[in-house]
Amino acid sequence: MHLSTPKSASAQRVSSLKCTAKALLLSSLNFADPVEVIYKPGKVAVVLSGRQAGKKVVVIQQRDEGTKERPYPHAIVAGIERYPLKVTKSMGKKKVAKRSKVKPFIKVVNYAHLLPTRYVLELEGLKGAVAADTFKEPTQREDAKKSIKKAFEERYAKGTNRWFFTKLRF
């Protein structure tokens with residue numbers, strides 16, 4: 001039989017403070033609340049899995065609660081499937097135009113497969129291009145890709161958001 005030694009008053013106070021601190025911490029964590037919104041429209045993220053893994057995307061619409069078809073938090077994103085190639089001063093206009101092309105993609109991605117970055121893009125030309133019903137019809141999807149390609153190439157030609165148009169090196 002093991003006899004326990006009585007605790008001092010200060011030791012009892014410390015253990016009771018630890019218990020109340022732990023209880024306060026657990027009560028403040030409400031797991032039913034949605035996670036803080038990270039993926040706002042314009043936020044740049046990196047796709048972590050799938051065919052476009054390692055590609056940079058910009059969030060066009062976010063669905064934090066999910067939808068009936070997709071009952072998980074997800075985002076409609078537009079990204080770059082094929083990045084523009086390096087351009088030098090000695091290249092002619094025709095070659096520069098060919099190497100400055102961008103191949104875009106649009107996709108619905110689960111939040112779990114996105115890695116947010118600190119970068120944000122302005123979405124003037126992209127907001128109206130893609131909607132939730134764009135993915136139902138192939139012709140609408142192609143039209144959306146064309147408008148996104150045009151917006152991306154204009155932005156690349158201006159020289160803004162240079163990081164977004166460079167391939168990830170890892």
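**Ground rules**

Buried here means under 20% relative accessible area, exposed means over 50%, and partly exposed is in between (1.4 Å probe, protein chains only). The model is predicted, so local features need pLDDT of at least 70 and side-chain atom pairs count only at pLDDT 80 or more, while totals for chains, interfaces and linings use all residues. Residues are numbered from 1 along each chain as its sequence is written, and side-chain values use heavy atoms, with hydrogens and water left out.

**A three-residue salt-bridge network**

Going by that cut-off, Arg51 is exposed at 70% relative accessible area. Its salt-bridge partner is Glu81, with the closest N and O atoms 3.7 Å apart (the rule: a side-chain nitrogen of Lys or Arg within 4 Å of a carboxyl oxygen of Asp or Glu). This pair links distant parts of the chain, 30 residues apart: Glu81 is in strand β3, and Arg51 is in the loop between β1 (43-47) and β2. Strands are DSSP runs of E, at least two residues, and helices are runs of H or I, at least four, numbered from the N terminus.

Glu81, partly exposed at 22%, also bridges to Lys103, at 3.8 Å between the closest N and O atoms. Shared partners thus join Arg51, Glu81 and Lys103 into one network.

**Helix α3**

Over in α3, Ala144, Ile148, Ala151, Phe152 and Arg155 are buried. They sit on the same side of the helix, because they cover an arc of only 100 degrees around the axis (taken from the directions from the helix axis to the C-beta atoms). The face turned away from that buried side carries exposed Pro138, Lys146, Lys150 and Ala157.
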